[in-house]
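Please open the structure in a viewer and keep the sequence at hand. The tour below proceeds by selection, with a short account of what is found at each stop.

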Amino acid sequence: MIRRPPTVICYICGREYGTKSIAIHEPQCLKKWHNENNLLPKELRRPEPKKPEVRTITAKGFYDLDALNEAAWTSALSQLVPCNICGRTFLPDRLIVHQRSCKPKAAK
């Protein structure tokens, strides 16, 4: 059985990164988030995502990676915005594209 190296989920975008590269990724991801958020219409702009604080430490003195990843994934999902027509959730920039083709279901 081959073990994968441990990964950490980014609280901003929800992607997985290695434990060493997450510290490099997060500041760049937050900067990209700010750039994209500033381009959105005012009604779709969101508050800056906050890094979840998980203080659960195992007996060996390490962070509980599963709890950290769960909190980060929940934070990333909270960035999604629902479509007011169909209810599906999207990142705000993708919601604009989706709403161009989303039509209400015809009544039977």
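The model shown here is predicted. By the rule applied here, its salt bridges number two.

**First stop: E26 and K51.** Select E26 and K51, whose side chains form a salt bridge with an N to O distance of 2.9 Å. This pair joins distant parts of the chain, for E26 belongs to helix α1 and K51 to the loop between α1 and α2, 25 residues apart. Are the two partners buried or exposed? E26 is buried, at a relative accessible area of 12%, whereas K51 is partly exposed, at 49% relative accessibility.

**Second stop: K32 and E36.** Remain on helix α1 and select K32 and E36, which are joined by a salt bridge at 3.9 Å, N to O. These residues lie four places apart in α1, so about one helical turn separates K32 from E36. An α-helix has 3.6 residues a turn, and residues three or four places apart therefore point the same way. Both partners are partly exposed: K32 has a relative accessibility of 46%, and E36 has one of 35%.

**Third stop: R46.** Next, select R46 in the loop between α1 (22-39) and α2 (65-77). What is the nearest side chain of opposite charge to R46, and how far away is it? It is E36, at 5.8 Å; R46 is buried but has no salt bridge. A salt bridge requires a nitrogen-to-oxygen distance within 4 Å. The side chain of R46 does make a polar contact, at 3.0 Å, with the side chain of Q79. To display the surroundings, add W33, N37, Q79, V81, L91 and P92, with which R46 is in contact when neighbours within four places in sequence are set aside.

**Fourth stop: helix α3.** P92, one of the contacts of R46, leads to helix α3, residues 92-101, in which P92, L95 and H98 are buried. Viewed down the axis of α3, the buried residues fall within an arc of 100°, and they therefore line one face of the helix. Strands β3 (81-82) and β4 (89-90) are among the elements that cover these buried residues. Turn to the other side of α3 to find R100 and S101, which are exposed.

**Last stop: the annotated ranges.** Finally, select residues 6-35 and 79-108, where an unreviewed UniProt entry places the feature "domain: C2HC/C3H-type". Over residues 6-35, the chain is 47% helix and 20% strand. The C-alpha atoms at the ends of this range, 6-35, are 30 Å apart.

Definitions and conventions. Residues are numbered from 1 along each chain as its sequence is written. This is a predicted model: local features need pLDDT of at least 70, side-chain atom pairs count only at pLDDT 80 or more; totals for chains, interfaces and linings use all residues. Side-chain values use heavy atoms; hydrogens and water are left out. Helices (H or I, at least four residues) and strands (E, at least two) are DSSP runs, numbered from the N terminus. Buried means under 20% relative accessible area, exposed over 50%, partly exposed in between (1.4 Å probe, protein chains only). Lys and Arg count as positive and Asp and Glu as negative; His and the chain ends are not counted. A polar contact is a pair of N or O atoms within 3.5 Å; within protein, one must be able to donate a hydrogen and the other to accept it, and residues adjacent in sequence count only if both atoms are side-chain atoms. Contact means heavy atoms within 4.5 Å. UniProt positions are given in the numbering used here, feature names are shortened, and annotations may be inferred rather than shown by experiment. The arc is that of the directions from the helix axis to the C-beta atoms.
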